[in-house]
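Reader: I am new to this structure and would like to be walked through it. Could we begin with the overall picture and then turn to the details?

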Amino acid sequence: MEIDQCLLESLPLGQRQRLVRRMRCEQIKAYYEREKAFQRQEGLLRRLKPGKSPKVRFSLGDVIQDAIIHHNDKEVLRLLKEGADPHTLVSSGGSLLHLCARYDNAFITEVLIDRGVNVNHQDEDFWTPMHIACACDNPDIVLLLVLAGANVLLQDVNGNIPLDYAGEGTESSSILLAYLDENGVDFTSLRQMKLQRPMSMLADVRQLVLAGGNVNEKNDEGVTLLHMACASGYKEVVSLILEHGGDLNITDDQFWTPLHLAAKYGQTNLVKLLLLHQANPNIMNCNEEKPSDVAASEVIEELLLKAEVAWEEQVKEPQCGPGLAQEEPYEEITHDLPALSSKLSPLVLPIAKQDSLLEKDTMFRDASRGLCKQQSQEGTPESSTVSGGSKPEQVQLMPPAPSDDLATLSELNDGSLLYEIQKRFGSDQIHTFIGDILLLVNPFKELPIYSAMVSQLYLSPTGQRVPSLPPHLFSCAERAFHRLFQERQPQCFILSGERGSGKSEASKQIVRHLTCRASSHRAMFDSKFQHVNCILEAFGHAKTTLNALSSCLIQYWELQFCEREKHVTGARIYTYMLEKSRLVAQPLGQSNFLIFSLLMDGLSPEEKQGLHLNNLCAHRSCGEEPWVA
Ligand SMILES: Nc1ncnc2c1ncn2[C@@H]1O[C@H](COP(=O)(O)OP(=O)(O)OP(=O)(O)O)[C@@H](O)[C@H]1O
């Protein structure tokens, strides 16, 4: 609408105003129409470009691993065509063939062999694909590898050949035995071959000694020849090193002595030999464990405990002379080493995690034994509530899975996240990492995953996640604990979720785990926390429609730590923001603070009478809800 300025000025004021208002309205209308048209155009463009939403991109190497694991063979072929490298290495240092062997993917095994992938590639633990195929008893893969010319005599880090992992009577072992037989390899020569490793180490050490070398030389991690020989059970090498000034009590960077390693790896005779040479059984490693704490068998543990006592006595009265050496001459102990736990067979874990699982398995046993010991020593009622009885605690922890950290999933959208969480929940995996955040789904049932023994398992010297253990609240507690010292900043946990989602339970577990760090005062802390929780729950919790024990207060816990020894030394609790209004008015279907119901349940009729609490219905502030104990 165009208006001549002179004409406008000549008009009376009222007319002028009306005209200008009309002009404005038309301008605004035009503006809205333009905007609408613009938005329509934008929407159309967006629909025409559906791929524009932000997406996480993974390398071809990552995607092909996932496709192999899930037997998505077409996808593997497509990725190889797109340029994915068939020689890609996986996290354990193994090849894609290792993955195929583990997940029984025969089709892709053939494809990779055709593409020239090294069938004898060894991962960090020197496992070849054949080792894995045998351990998982995947005979198709064993056969394909044999036909492809794989070397069936390659030894892993423990000197085991694939046949050592093939269960007796399995198809995999039959294939290998037939193959070895055809090639004229008998068991005597196999045994000789297994002896080669200690023999070559013995020859190397002899040469070193002859050349005047130092047998106590350490590598980058502080490990000496004696550590290696003890862990592997090479007795002659150990004897030779000891003859030439080997330091029995030398520690590596993690403060492990040769005795620790011999004990941990079940080398009974070496434990005995080292003790006879006066190895100190009381040295602690970085986890504050003595060799007896990491012993792989009861025989070893007994030997070490006896030696500890003898050592202490000798320190007190040096004239008594060496304990064990005088009492018993060295004799070989011929007993079977503890077999791999059934947890490792059938193999459900990436091979690189086997050793750490074995380690954890030993820890499970140690922790339960240690706990029983602790209970019998303490014998207090509080200590028995920590683990609930003298028999070893039941622990149910799942093996690590790709979905442990949802941030690493190749497909990230609402659907895939929900699917994974539901799947995990179905197998009682209530904890899941999403990057650094821990997601916890309330199971509404007791799971054996919060015991003191599990706490022990999650203790970590650095606060890093332990790859062989599944996501857990205790991992987060460990991280915070270590960051406290690394960053010298107070740490806090933000527990967020709707009513009844499990925040209070989670905070209790975190505090309980951190008290594991309280060293010798642990039982005292546990008992104090239980008492504090009773009081908090009584005065700060009430029944709501979603939660029979809903917290109506905000709590603030403060734990104090000793910096030098990294132990919890004290704890204080402040209670902030009590929902005081609940005292006089409760929402529909909810009750007052639990202390009232506890009073009603606990008081004798006389006491009730004294407090005029005879007729519950007479007290308006008690609400209509029945009392909850
Ligand atoms: N990790 C868990 N394992 C087993 N049961 C759990 C767990 N977490 C919570 N629960 C169950 O769910 C109930 C409610 O949990 P909790 O009181 O911790 O929730 P909340 O988030 O603190 O609720 P509110 O916000 O109402 O205080 C608990 O009484 C317990 O029965």
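Author: The conversation below goes from the whole chain to its cores, its helix pairs and a few individual residues. Please keep in mind that this is a predicted model.

Reader: How many helices and strands are there in the protein chain?

Author: The protein chain has 26 helices and six strands.

Reader: And what share of the residues is buried?

Author: Of the 629 residues in the protein chain, 30% are buried.

Reader: What about contacts between residues 24 or more positions apart?

Author: Among contacts in the protein chain with a separation of 6 or more, 64% join residues that are 24 or more positions apart.

Reader: Let us turn to the interior. How many residues does the largest nonpolar core have?

Author: The largest nonpolar core has 36 residues. Those with the most contacts inside it are Ile68, Leu96, Cys100, Ala133, Cys134, Val142 and Leu145.

Reader: Which helices supply at least two residues of this core?

Author: They are H3 (60-69), H4 (73-82), H5 (96-103), H6 (106-114), H7 (129-135), H8 (139-147), H9 (162-165) and H10 (171-182). As general background, nonpolar side chains tend to be buried together in soluble globular proteins.

Reader: Could you take one core residue as an example? What does Cys134 touch?

Author: Leaving out residues up to four places away in sequence, Cys134 touches Val142, Pro162, Leu163, Tyr165, Ala166, Ser172 and Leu176.

Reader: Which residues does the second, separate core include?

Author: That second core is made of 32 residues, including Ala229, Ala262, Val294 and Ile300.

Reader: Back to H5, please. At what angle do H5 and H6 pack?

Author: H5 and H6 pack at about 160 degrees, and their axes are 9 Å apart. An angle over 145 degrees counts as roughly antiparallel, so that is how H5 runs relative to H6. The crossing of these two helices is left-handed.

Reader: Which residues meet there?

Author: Leu96, Leu97 and Cys100 of H5 meet Ile108, Thr109 and Leu112 of H6. By class, five residues of this contact are nonpolar, one is polar and none is charged.

Reader: Leu97 caught my eye. Is Leu97 buried or exposed?

Author: Leu97, which lies in helix H5, is buried, because 32 other C-beta atoms lie within 10 Å and 20 or more are enough to count as buried.

Reader: What is Leu97 in contact with?

Author: Apart from neighbours within four places in sequence, Leu97 is in contact with Thr109, Leu112, Val117, Val119, His121 and Pro129. Leu97 and Leu145 are 48 residues apart in sequence, and their C-alpha atoms are 9.5 Å apart in space.

Reader: A change of topic: how do H12 and H13 pack?

Author: Helix H12 (residues 225-232) and helix H13 (residues 235-243) pack at about 150 degrees, with axes 8 Å apart. The two helices are therefore roughly antiparallel, and their crossing is left-handed. On the H12 side, the contact is made by Leu225, Leu226, Ala229 and Cys230, and on the H13 side by Val237, Val238 and Ile241. This contact has seven nonpolar residues, with no polar and no charged ones.

Reader: Why is H12 described as largely enclosed by the rest of the structure?

Author: The description follows because seven of the eight residues of H12 are buried. Those buried residues are Leu225, Leu226, His227, Ala229, Cys230, Ala231 and Ser232. After H12 comes Gly233, with a positive phi near 80 degrees.

Reader: Where is Asp137, and what is its phi?

Author: Asp137 is in the loop between H7 and H8, and its phi is positive, near 45 degrees. In general, most residues other than glycine have a negative phi. Asp137 is partly exposed, with 19 other C-beta atoms within 10 Å.

Reader: And what about the phi of Phe255?

Author: Phe255 also has a positive phi, near 65 degrees. Phe255 lies in the loop between H13 and helix H14 (258-264), and it counts as partly exposed, with 15 C-beta neighbours inside 10 Å.

Reader: One last pair: at what angle do the axes of H15 and H16 cross?

Author: The axes of H15 (residues 268-276) and H16 (residues 298-316) cross at roughly 10 degrees and come within 9 Å. That makes these two helices roughly parallel. Thr268, Val271, Lys272 and Leu275 of H15 meet Val299, Ile300, Leu303, Leu304 and Ala307 of H16. Seven of the contact residues are nonpolar, one is polar and one is charged.

Conventions. Residues are numbered from 1 along each chain as its sequence is written. This is a predicted model: local features need pLDDT of at least 70, side-chain atom pairs count only at pLDDT 80 or more; totals for chains, interfaces and linings use all residues. Axes are lines fitted to C-alpha atoms, for helices over the stretch in contact, and angles run from 0 to 180 degrees between N-to-C directions. Helices (H or I, at least four residues) and strands (E, at least two) are DSSP runs, numbered from the N terminus. Angles under 35 degrees count as roughly parallel, over 145 as roughly antiparallel, 65 to 115 as roughly perpendicular and the rest as oblique. A crossing is left-handed if the near helix is turned anticlockwise from the far one by less than a right angle, and right-handed if clockwise. Two residues are in contact if their C-beta atoms, placed from the backbone, lie within 7 Å. Ala, Val, Leu, Ile, Met, Phe, Trp, Tyr, Cys and Pro count as nonpolar, Asp, Glu, Lys and Arg as charged, and the others, Gly among them, as polar. A nonpolar core is a set of buried Ala, Val, Leu, Ile, Met, Phe, Trp, Tyr and Cys residues joined through C-beta atoms within 7 Å. A residue is buried if 20 or more other C-beta atoms lie within 10 Å of its own, exposed if 12 or fewer, and partly exposed in between; C-beta atoms are placed from the backbone.
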